[in-house]
Amino acid sequence: MDRNSAIGLVLIAVLLLVYFYWFSPKPQPQTASEEAVPTEVIPPSTEPVVASAKSDSLLTATYGDMSQFLKGEEKIIPVKTKDISVTFTNHGGIIKELELNNYKTYYKKPLTLIEPGSTTFKLLSTYNNSEFDLYGLYYESSQQRINDSTIISFSAKLSDGSALVQQYVIPDTGFEIKYSLTSSGFEKQLAGDHLNFVWNQIIRPTEKDIKDTRNYTTINYYNPADGFDKLPERSNSPEQEIFSSPQQWVAIKAKYFLSAIIAKNSFQGGSVAIATNLSDTSVVKRADLNLLIAKSDLANGKANFKFYIGPNDYQVIGKVTDDFAKNVYLGWPPVYWVNKFVIFPVFHFLTLHLSNYGIIIIILVILMKLVLAPLSYRSYLSMAKMKVLKPDLDVIKEKHGDDMTKVQQEQLKLYQQVGVNPVSGCIPVVLQMPIIFAMFYLFPNSIELRQQPLLWAEDLSTYDSLISLPFSIPFGVGNHISLFTIMMTISTLIYTWQNNQLTSVQGPMKSMQYIMPIIFFFVLNSFPTGLTFYYFVSNLATFSQQAIIKRFVNEDKIKAILDENRKKNAAGAGKKSKFMTKLEEAMKAGEAARKTAEESKKKKKT
């Protein structure tokens with residue numbers, strides 16, 4: 001690899017560094033004490049009807065027949081399935097609490113995504129010229145079993161025969177709950193064209209690192225016309241979006257879990273907002289949804305929805321609704337295509353047949369090395385050619401000294417004589433970049449790694465903090481040292497040293513290659529253990545791969561071929577490649593432009 005190739009590799013490394021410095025999470029560890037009791041209660045955006053504040057006669061005078069549902073006794077209806085434990089209440093006919101049965105928080109506590117202290121639901125309309133919350137009524141409830149589902153209904157029937165019915169269908173497995181609103185003349189009691197479905201959610205910490213969780217927490221939304229979109233994830237400022245078009249679904253996305261509502265047809269509009277209070281470690285973020293339901297949909301049976309409240313698992317959510325799988329971010333093209341069609345399917349296939357995630361990662365490394373073996377061979381062969389040419393390149397540098405233009409011209413002439421493409425070693429590296437980037441999205445977004453132990457690491461989805469520090473190191477390191485990151489860094493330094501034995505790069509450029517692994521240590525120290533373990537194993541596999549390739553690369557034979565090419569070109573029998581022709585033309589054009597500029601300067605001075 002010559003100087004130009006080395007510069008190209010360093011530029012690629014710098015691009016990697018810049019990207020992950022600005023866009024990667026920079027988490028700090030959270031202690032158990034930080035999982036505290038909520039320090040704030042969601043302030044209601046509107047004041048619903050408060051029955052206790054009015055006498056029965058005043059309620060009757062104000063709300064007429066509706067007043068009978070403003071007071072009552074709360075009735076709790078629990079339903080437990082294989083995957084969720086959900087509690088309904090007749091006060092509002094809403095989900096009061098929902099716990100995931102097969103998941104725990106990082107501190108092994110029940111993982112509850114909906115709870116009274118964190119969640120508020122409202123269904124706002126206008127009645128008698130004042131705002132009225134239909135989720136503030138006390139409904140009659142009923143429960144039945146049909147096939148493999150539990151059906152819970154909440155109804156409010158007025159004396160004139162009009163009625164409002166809410167119905168939930170909870171299957172025995174899965175994380176979807178069907179929800180419908182049906183009106184029999186009840187909608188005529190309400191003013192306006194829309195009902196406002198309001199969902200206020202305080203998102204509580206469930207993972208080890210609250211800062212990392214905040215970097216993955218946002219609100220996603222989708223409509224067929226505009227496609228998938230979201231509020232900025234890594235913003236610590238309040239973010240809001242007002243919908244100018246109907247939306248099919250809206251999801252409150254934490255790092256590994258989703259709370260979403262999906263319309264069978266669409267919501268007519270609305271808004272979403274998310275905010276972060278960095279000083280409150282008991283709250284990740286606060287999400288506010290305000291979605292418009294057409295009042296006419298209640299009467300014609302089109303007010304049909306479903307909740308998805310469960311894991312953000314790529315294998316599960318793809319079947320929920322259109323583009324719902326995009327709640328797991330796979331990167332940008334072409335990284336997205338590599339992840340969607342190659343990396344994620346292979347990884348998920350392995351998880352179905354193996355339970356040890358350390359072994360799964362090792363197998364994934366081996367498979368990737370086998371697929372990339374032809375590119376690795378071409379890259380190694382290019383470096384071997386440069387090593388053979390190193391004595392000639394050194395002579396050129398010594399002969400022309402500091403005249404870099406002349407050095408480059410003579411090097412190009414040498415490459416042409418021996419039939420070597422100077423950038424052929426970089427092309428395999430560039431082609432491997434999408435796979436390298438793909439791994440940066442696989443491990444942070446795979447819920448399968450969550451709370452999976454490996455050696456001293458108790459959770460592959462976050463950093464291992466075997467070494468804790470009494471102080472915090474800047475640049476994203478934090479107050480811990482990841483041992484897997486150290487192992488990855490050391491193995492990368494050894495790999496860099498090994499490669500330098502094959503290159504012609506000298507001076508500062510050669511030293512720079514040793515600095516990059518150190519910089520990446522700072523960047524990756526707080527990344528998931530699964531990622532750093534993958535790259536550590538990948539480095540070990542690379543050592544073995546190069547040892548095998550070396551057996552098939554005979555430097556003496558390469559030298560003989562290059563010398564033969566030199567003789568053919570000297571005799572005029574050689575054929576110049578299109579790339580070398582264009583490169584030579586570019587060099588000549590650059591040299592002509594340089595001479596023209598120098599002559600112009602001389603004329604000006606004269």
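Helices α7 and α13 cross in a right-handed sense. The structure you have in front of you is a predicted model, with a mean pLDDT of 81 for the protein. Below is a quick tour of that helix pair, a four-stranded sheet, and the stretches to treat with care.

**The α7–α13 helix pair**
- Helix α7 spans residues 357-371 and helix α13 spans residues 529-552; their axes lie 9 Å apart, at an angle of about 45 degrees.
- Angles under 35 degrees count as roughly parallel and 65 to 115 as roughly perpendicular, so α7 and α13 are oblique to each other.
- On the α7 side, the contact is made by G358, I361, I362, L364, V365, M368 and K369.
- On the α13 side, G530, F533, Y534, V537, S538, A541, T542 and Q545 take part.
- Sorted by class, this contact has nine nonpolar, five polar and one charged residues.

**The four-stranded sheet**
- Four strands form an open sheet in the order β1-β2-β3-β4, and their pairing is antiparallel.
- The edges are β1 (76-80) and β4 (110-114), each of which pairs on one side only.
- From one strand to the next, the twist averages 20 degrees.
- Five bridges join β1 to β2 (residues 84-89) in the antiparallel sense, and K80 has S85 of β2 as its bridge partner.

**Where to be careful**
- In the protein, 80% of the residues reach a pLDDT of 70 or more.
- Residues 1-6 stay under 50, and the model has 22 contacts beyond four places in sequence for them.
- Residues 19-53 also stay under 50, with 86 such contacts in the model.
- Predicted coordinates should not be read in detail where pLDDT is low.

Technical notes. Residues numbered from 1 in each chain as written. Predicted model: local features only at pLDDT ≥ 70, side-chain atom pairs only at ≥ 80, totals over all residues. Heavy atoms only, no water. Axes fitted to C-alpha atoms, helices over the stretch in contact; angles between N-to-C directions. Helix = DSSP H or I, 4+ residues; strand = E, 2+ residues; numbered from the N terminus. Parallel < 35°, antiparallel > 145°, perpendicular 65-115°, else oblique. Left-handed = near helix turned anticlockwise from the far one by under 90°. Contact = heavy atoms within 4.5 Å. Nonpolar A, V, L, I, M, F, W, Y, C, P; charged D, E, K, R; others polar. pLDDT = per-residue confidence, 0-100. Pairing = 2+ DSSP bridges.
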